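Me: I should like to go through the reasoning behind some of the terms applied to this model. Please set each value against its definition.

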Amino acid sequence: MINTRPIAIAVVACIGLAWAVNQGVCAEPKVIRIVALGDSLTAGEGVPSRDAFPVKLESALRARGQPVQVANAGVSGDTAARGLARLDQSVPDDTDAVIVELGANDMLKGFDPGVTRAALTTILRKLEVRRIAVLLCGVRTQPSGGDEYKDAFAAMFRDLAAEHNVLFYPAFDDAFVDDARLKLSDGLHPTAAGIEAVVMRILPTVEALIDRADRRER
């Protein structure tokens, strides 16, 4: 008499394995690829590369169990228009989400907020077409523009986020701009500790960005 028990066990095991695969039990979690598109605040001006915002952000997110990769697409000195010019090169096809941090240099150069708005609008539209989740960051940096000028930029960032239904972080530099201990000697850029402060403050919003990117994949 043939012992059919081993065959039956093998069949059950195969069925169980197939169910597990179909349910994604054995699959590795999808890595969410984020690009930090910005200027020197993103690039890590004046600090070692290991202390740059994208590196510190990825580390903090992974410590919280988020399977992410954060690419540094920050270029010191970039305006919003220059960020737009390199958008396709800086944001590869497999990107799930983008943190847009541009506008500080526009303010420092005294640009009309409308000029910055036009460039950022095109960036947001291009990313929307590509179905990439976006977090738009405002900025407070403006040593000589005055309150009216600062308020015009703040309103511009806020209105763009609402108009394009993207996540919004009102001021990327808010965590360090008022604390000399967290700034380099130029008074504009954060130290490594300042970058840590930015990461801790922006973390919940970036996690919301990851959730939005993940839902777009389904």
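Reply: A residue counts as buried when its relative accessible area is under 20%. The model under discussion is predicted.

Me: Why is F53 called buried?

Reply: The relative accessible area of F53 is 1%, and the cut-off is under 20%; F53 is therefore buried.

Me: What makes F53 and F172 an aromatic pair, and why is the term edge-to-face used?

Reply: Ring centres must lie within 6.5 Å, and planes over 60 degrees apart count as edge-to-face. For F53 and F172 the centres are 4.9 Å apart and the angle between the planes is 80°, so both conditions are met. By this rule there are three aromatic pairs in the count.

Me: Why is the F53 and F172 pair said to link distant parts of the chain?

Reply: F53 belongs to helix α3 (residues 53–63), while F172 lies in the loop between β5 (167–169) and α9 (192–217); the two are 119 residues apart. F172, with 2% relative accessibility, is also buried.

Me: Why is the pair of F153 and F157 called tilted?

Reply: Tilted applies to planes that are neither under 30 degrees apart nor over 60. F153 and F157 have an angle of 45° between their planes, with 6.3 Å from centre to centre; this distance is within 6.5 Å, so the rings pair, and the angle makes the pair tilted.

Me: What separates F153 and F157 along helix α8?

Reply: They are four residues apart in helix α8 (residues 147–164), so about one helical turn separates them. F153 is buried at 0% relative accessible area, and F157 is buried at 1%. Together with Y149, F153 and F157 form one aromatic cluster.

Me: How do you know that strand β1 is largely enclosed by the rest of the structure?

Reply: Of the seven residues of β1 (residues 32–38), six are buried, so the strand is largely enclosed.

Me: What makes β1 and β2 paired strands?

Reply: Pairing requires at least two bridges. Seven bridges join β1 to β2 (residues 68–74) in the parallel sense, so the requirement is met. Within this pairing, A36 stands opposite N72. β1 also runs parallel to β3 (residues 97–101), with five bridges between them, and I34 is opposite A97 there.

Me: What makes both faces of β3 covered?

Reply: On one side A97, I99 and E101 are buried, and on the other V98 and V100 are buried. Five of the five residues of β3 are thus buried, so the strand is largely enclosed.

Terms used:
Residues numbered from 1 in each chain as written. Predicted model: local features only at pLDDT ≥ 70, side-chain atom pairs only at ≥ 80, totals over all residues. Heavy atoms only, no water. Phe/Tyr/Trp six-rings, centres within 6.5 Å; stacked < 30°, edge-to-face > 60°. Buried < 20%, exposed > 50% of the residue type's maximum accessible area, 1.4 Å probe, protein only.
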